[in-house]
Amino acid sequence: MTQIRLTLPYPPSANTYWKPARGRGLVPSNEALRYKATITQLAKLKGVQPLKGPVRLTLWAYRPRRVGDLDNVRKVLLDALQGWAFLDDGQVSEDHGYRLDDAQAPRVEVLLEADAVATPEEAQAHRQARAERAAKARATRNRNRLQKQRQ
């Protein structure tokens, strides 16, 4: 059993994580991109290798104020950890979350467990495949938008 334990900054609200982009639906906001970059940097500093196979997640969310629900914290956090702590958030097969309050030190403590770790090559291949799928989706949206404008 492989474990990853991380203490991470409290994520931005799910309400500010996404912003509308004309013709592209919702895209990550600048705040979201900064949070993802922070998580990436922390994962690299700690030498985290992504888990593969089914992943068990336990998280303790110490929120700064008594507002916000645990589900939105989980969504934002899993999005930021994807590709670094695990290959894809669809791997999470067991999920336990605890919402606590700590105005002085808001944070999220994460415990991820799996039977195997992805090799660096597997992780890079997965990130590359995700980037290619995203590029293909963008190209399709742009092509469809142009066809619609011509009609």
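Me: Where is Arg-138 found, and why is Arg-138 called partly exposed?

Reply: Arg-138 sits in helix H4 of this predicted model. Its relative accessibility is 39%, and partly exposed covers the range between under 20%, called buried, and over 50%, called exposed. So Arg-138 counts as partly exposed.

Me: Thanks! Which residues form the positive surface patch?

Reply: Arg-138 belongs to it, together with Lys-19, Arg-22, Arg-24, Arg-141 and Arg-145. Helix H4, residues 120–150, gives the largest share, three residues.

Me: What makes Glu-122 and Lys-52 a salt bridge?

Reply: The test is a side-chain nitrogen of Lys or Arg within 4 Å of a carboxyl oxygen of Asp or Glu. For Glu-122 and Lys-52, the closest N and O atoms are 3.1 Å apart, so the pair passes the cut-off of 4 Å. Glu-122 lies in helix H4 and Lys-52 in strand E4, so the pair ties together parts that are 70 residues apart in sequence.

Me: How do you know that the length of helix H3 agrees with what it should span?

Reply: Helix H3 has 12 residues, 70–81, and at 1.5 Å a residue they should span 16 Å. The end C-alpha atoms of H3 are 16 Å apart, so the two values agree.

Me: Why is H3 described as mostly covered?

Reply: Nine of the 12 residues of H3 are buried; among them are Leu-70, Val-73, Arg-74 and Leu-81. Asn-72, also in H3, has 24% relative accessibility and so counts as partly exposed.

Me: Why does Arg-74 count as buried?

Reply: Buried means under 20%, and Arg-74 has 15% relative accessibility, so the label fits. Arg-74 also forms a salt bridge with Asp-95, whose closest N and O atoms are 2.8 Å apart. That pair links distant parts of the chain, with Asp-95 in strand E6 and Arg-74 in helix H3, 21 residues apart. Asp-95 has a relative accessible area of 34%, so Asp-95 is partly exposed.

Me: Which residues do salt bridges that share partners join into one network?

Reply: Asp-71, Arg-74, Lys-75 and Asp-95 are joined in this way. Within helix H3, the side chains of Lys-75 and Asp-71 meet at 3.5 Å, N to O. These two residues are four apart, about one turn of the helix. An α-helix has 3.6 residues a turn, so residues three or four places apart point the same way.

Me: How many salt bridges does a search of the whole structure find?

Reply: The search finds 10 salt bridges.

Definitions and conventions
Residues numbered from 1 in each chain as written. Predicted model: local features only at pLDDT ≥ 70, side-chain atom pairs only at ≥ 80, totals over all residues. Heavy atoms only, no water. Patch = residues over 30% accessible without salt bridge, like charges linked within 9 Å, V, L, I, M, F, W, Y side chains within 5 Å. Areas by Shrake-Rupley, 256 points an atom, 1.4 Å probe, with all protein chains shown as cover. Lys, Arg positive; Asp, Glu negative; His and termini not counted. Charge placed at Lys NZ, Arg CZ, Asp CG, Glu CD. Buried < 20%, exposed > 50% of the residue type's maximum accessible area, 1.4 Å probe, protein only. Expected span 1.5 Å × (residues − 1).
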